[in-house]
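Q: Hi! Could you walk me through this structure? I'd like to ask things as we go.

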Amino acid sequence: MIYAKPQVLKPPRNDVLMMTPWFAPIVWEGTYNLDILNEQFRQRNVTVGLTVFAIKKYVVFLKTFLETAEMYFMVGHKVNYYIFTDRPQEVPKVELKEGRNVVVLQVQNYSRWQEISMRRMEMINHFSKKQFINEVDYLVCVDVDMRFNDLVGVEILSNLFGTLHPGFYGSERRSFTYERRPASQAYVPHDEGDFYYAAAFFGGTVKEVYKLTKKCHEAIMVDKDNGIEAIWQEESHLNKYFVYHKPTKILSPEYLWDDNIGRPEILRKRRFLAVPKNHTAIRNK
């Protein structure tokens, strides 16, 4: 394998933070060599699980999601697409490459989209213990109303990873929309927290994702018993978890972007993009 020697005195990028204070890399274009990483993960014969929820009308996003995933997600590696849906008969047939499978997991829906959103933690947790632990090495948990726009590969994989929210990656701590009510299990004090993470893209080993989703689901249920709903549902609980259980890798906003907020110079790639939609027409339908 031929590649340029790393230069200790010349960092590949000096316009962005590439390492957290707890030595977790932040993944940006230009900071890694995918050929080297692909070879490492192929030697380990890794299989990746990609979980996505297509509840109610959100099933309409599946075709584009799966077709673009086949083009850009974990190219050359084995993948199980775990589709959580209440409409299994509407899951589209998409041509898959060798070693890649669609696994439909039928689940119930709920009357409120907020409830559906929060229940994702419960469902991922349940199937991690029941099924995923026996089938895949890593889980990547994402939103369905998105499309892959560029390569998303093994550079993202780690024990536990989160993604910088595109709306807050450059913000000060005081601007983060953490849950600020002490009565909630998702509460984060104003003087704590490192980054604001998006619930639309997180993951890790099955073991670590199981621990994360178990903790978040339990906290959500305590809040529910106390008549409280965190400001951003499961995303608030995810951010609380990452404050006290630091991710071992962090993905830059390249991995979760919305073209409606422009395209800053630091963004060399737009790997996973929001699909334009009418939220009112989709939610609660």
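A: Happy to! One term before we begin: contact means heavy atoms within 4.5 Å. Also keep in mind that this is a predicted model.

Q: Okay, let's use that term. What does Gly30 touch, if we skip residues up to four places away in sequence?
A: Gly30 touches Pro12 and Arg268.

Q: How far apart are the C-alpha atoms of Gly30 and Pro12?
A: They are separated by 6.3 Å, and the two residues are 18 residues apart along the chain.

Q: And where is Gly30 found?
A: Gly30 is in the loop between strand 1 (26–27) and helix 1 (34–43). It is partly exposed, with a relative accessible area of 33%.

Q: Let's switch to helix 4. How many residues does helix 4 have?
A: Helix 4 runs over residues 206–225 and has 20 residues. From its first C-alpha to its last it reaches 28 Å, close to the 28 Å expected at 1.5 Å a residue.

Q: Which residues of helix 4 are buried?
A: The buried ones are Val206, Glu208, Val209, Leu212, Thr213, Cys216, His217, Ala219, Ile220 and Asp223. Looking down the axis of helix 4, you find these buried residues within an arc of 165°, so they line one face of the helix.

Q: What about the other side of helix 4?
A: There, Lys207 and Asp225 are exposed.

Q: What follows helix 4?
A: Gly227 does, and its phi is positive, near 70°.

Q: Now helix 2. Which of its residues are buried?
A: In helix 2 (residues 62–72), the buried residues are Leu62, Phe65, Leu66, Thr68, Ala69 and Glu70.

Q: And what do the buried residues of helix 2 pack against?
A: Strands! They pack against strand 2 (47–54), strand 3 (78–85), strand 4 (100–106), strand 5 (138–142), strand 6 (146–148) and strand 10 (272–274). Just after helix 2 comes Met74, with a positive phi of about 50°.

Q: Which residues other than glycine have a positive phi, besides Met74?
A: Phe23 is one of them, with phi near 65°. Asn45 is another, with phi near 55°.

Q: Where are Phe23 and Asn45 placed?
A: Phe23 is in the segment before strand 1, while Asn45 is in the loop between helix 1 and strand 2. Phe23 counts as exposed at 68% relative accessibility, and Asn45 counts as exposed at 51%.

Q: New topic: charges. How many salt bridges does the structure hold?
A: There are 16 salt bridges in the structure. In general, side chains of opposite charge can pair when their charged atoms come close.

Q: Can you show me one, say the partner of Lys269?
A: Sure. Lys269 forms a salt bridge with Asp150, and the closest N and O atoms are 3.4 Å apart. This pair links distant parts of the chain, 119 residues apart: Lys269 is in the loop between strand 9 and strand 10, and Asp150 is in the loop between strand 6 and strand 7 (160–163).

Q: And which side chain does Asp194 meet?
A: Asp194 meets Lys246 in a salt bridge, at 2.5 Å from N to O. This pair also links distant parts of the chain, with Asp194 in the loop between strand 7 and strand 8 (201–205) and Lys246 in the loop between helix 5 (233–244) and strand 9. Asp194 is partly exposed at 29% relative accessibility, and Lys246 is partly exposed with a relative accessible area of 34%.

Q: What about Glu254 and Arg271, are they buried or exposed?
A: Both Glu254 and Arg271 are buried. They form a salt bridge, with the closest N and O atoms 2.9 Å apart. Glu29, Glu254 and Arg271 are linked in a network of salt bridges.

Q: Last one: what is the nearest side chain of opposite charge to Lys249?
A: It is Glu155, 7.8 Å away; Lys249 is buried yet has no salt bridge. A salt bridge needs a nitrogen and a carboxyl oxygen within 4 Å.

Q: So what lies 2.8 Å from a polar atom of the Lys249 side chain?
A: The backbone oxygen of Glu155 does. Lys249 itself is in strand 9 (residues 249–251). Leaving aside neighbours within four places in sequence, its contacts include Ala24, Pro25, Val27 and Phe161.

Note on methods: Residues are numbered from 1 along each chain as its sequence is written. This is a predicted model: local features need pLDDT of at least 70, side-chain atom pairs count only at pLDDT 80 or more; totals for chains, interfaces and linings use all residues. Side-chain values use heavy atoms; hydrogens and water are left out. Helices (H or I, at least four residues) and strands (E, at least two) are DSSP runs, numbered from the N terminus. The expected span of a helix is 1.5 Å times one less than its number of residues. Buried means under 20% relative accessible area, exposed over 50%, partly exposed in between (1.4 Å probe, protein chains only). The arc is that of the directions from the helix axis to the C-beta atoms. Lys and Arg count as positive and Asp and Glu as negative; His and the chain ends are not counted. A polar contact is a pair of N or O atoms within 3.5 Å; within protein, one must be able to donate a hydrogen and the other to accept it, and residues adjacent in sequence count only if both atoms are side-chain atoms.
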